[in-house]
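Got a new structure on the screen and wondering what the labels are based on? Let's go through a few of them one by one.

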Amino acid sequence: MVYRRFYLTLLLHQLLKERSVWDVADMFSCSRGFVQNLMTSAASFASCLLHFTEGLKELHYVNILLPDIVRRLSFAVRSELLPLMEIPGIRQGRARQLHAAGLKTMQEVANCSVGDLLKKLAPISRTQVMQMRSAAKIALQEKAESLRDEADDLLAVSQPSQPTQS
């Protein structure tokens with residue numbers, strides 16, 4: 001039983017090292033479906049663990065570590081690629097290409113000109129670049145709106161309610 005868990009841990013470790021599902025399946029002589037299922041199960045379990053520990057003050061340090069691990073398991077990429085993976089339609093290969101071109105955040109992709117993106121990511125079509133930029137801009141707007149709502153909620157809680165005069 002212990003050896004099986006160790007085997008699965010080695011499999012997940014290879015995925016977290018950014019090996020493709022194909023390579024890991026070949027390396028461990030198992031099917032791609034098994035590897036993908038393991039990755040999905042591990043991400044789901046880590047997500048459940050994150051939700052479970054949110055209310056436990058004793059495990060606050062786990063809440064700091066788990067979100068990154070959940071995202072890495074979900075996308076199977078290095079930590080530095082995670083901000084790029086949040087752009088809808090961006091997969092591992094394109095995230096690596098953007099990172100290598102010096103674009104490390106969603107904001108940098110959204111603010112980069114179409115011409116610069118075409119030069120940095122060649123060969124890529126103008127349509128793909130425009131879709132990538134617009135997806136990054138929309139995702140940034142949604143993130144900003146969410147943060148505004150969260151800030152409003154925090155401000156509402158921190159301000160004492162005014163007593164009503166009768």
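**What the labels rest on**

F45 lies in helix α3. Keep in mind that this is a predicted model.

Q: Why is F45 called exposed?
A: Its relative accessible area is 58%, and exposed means over 50%, so F45 earns the label. As for where it sits in space, its C-alpha atom is 8.7 Å from that of V70, with the two positions 25 residues apart along the chain.

Q: T53 is in helix α3 too, so what makes T53 buried or exposed?
A: The cut-off for buried is under 20%. T53 has a relative accessible area of 2%, so it counts as buried. Setting aside neighbours within four places in sequence, T53 is in contact with L59, V62, N63 and L66.

Q: And R32, also in helix α3: why is R32 called partly exposed?
A: Partly exposed is the range between under 20% and over 50%. R32 comes out at 35%, so partly exposed is the label for it. Beyond residues up to four places away in sequence, R32 touches V21, W22 and A25. R32 and S20 are 12 residues apart in sequence, and their C-alpha atoms are 9.8 Å apart.

Q: How do you know that α1 is roughly perpendicular to α3?
A: The axes of helix α1 (residues 2–16) and helix α3 (residues 32–53) come within 10 Å and cross at roughly 90 degrees. Angles from 65 to 115 degrees count as roughly perpendicular, so that is the word for α1 and α3. From α1, the contact is made by L8, L11, L12 and L15; from α3, by F34, V35, L38, M39 and A42.

Q: What makes the link between K143 and E86 a salt bridge?
A: The rule asks for a side-chain nitrogen of Lys or Arg within 4 Å of a carboxyl oxygen of Asp or Glu. For K143 and E86 the N to O distance is 3.1 Å, so the pair passes. By this rule the count comes to 1 salt bridge. As a general point, side chains of opposite charge can pair when their charged atoms come close.

Q: Which parts of the chain does this pair link?
A: Distant ones: K143 is in helix α9 (residues 126–158), while E86 is in the loop between α5 (82–85) and α6 (92–100), and the two are 57 residues apart. K143 is partly exposed at 43%, and E86 gets that label at 27%.

Q: How do you know that Y61 is partly exposed?
A: Y61, in helix α4 (residues 60–75), has 45% relative accessibility, so it counts as partly exposed. Y61 also helps to make a nonpolar surface patch of about 430 Å², together with I64, L65 and I69. Residues in such a patch need over 30% relative accessible area, and Y61 has 45%.

Q: Why is S29 worth a look?
A: Its phi is near 50 degrees, a positive value in a residue other than glycine. That stands out because most residues other than glycine have a negative phi. S29 is in the loop between α2 (21–27) and α3. With a relative accessible area of 69%, S29 is exposed.

Q: What kind of peptide bond runs from A122 to P123?
A: A cis one, with omega near -5 degrees. In general, most peptide bonds are trans. P123 is in the loop between α8 (114–120) and α9.

Q: What makes C112 buried?
A: C112 has 8% relative accessibility, and the cut-off is under 20%, so C112 counts as buried. C112 lies in the loop between α7 (106–111) and α8. Leaving out residues up to four places away in sequence, C112 touches L103, L117 and R133. C112 and R133 are 21 residues apart in sequence, with 7.9 Å from C-alpha to C-alpha.

Q: And what about V157, in helix α9: buried or exposed?
A: At 71% relative accessibility, V157 counts as exposed, since the label needs over 50%. V157 and C112 are 38 Å apart, C-alpha to C-alpha, and 45 residues apart in sequence.

Conventions. Residues numbered from 1 in each chain as written. Predicted model: local features only at pLDDT ≥ 70, side-chain atom pairs only at ≥ 80, totals over all residues. Heavy atoms only, no water. Patch = residues over 30% accessible without salt bridge, like charges linked within 9 Å, V, L, I, M, F, W, Y side chains within 5 Å. Areas by Shrake-Rupley, 256 points an atom, 1.4 Å probe, with all protein chains shown as cover. Helix = DSSP H or I, 4+ residues; strand = E, 2+ residues; numbered from the N terminus. Buried < 20%, exposed > 50% of the residue type's maximum accessible area, 1.4 Å probe, protein only. Axes fitted to C-alpha atoms, helices over the stretch in contact; angles between N-to-C directions. Parallel < 35°, antiparallel > 145°, perpendicular 65-115°, else oblique. Contact = heavy atoms within 4.5 Å.
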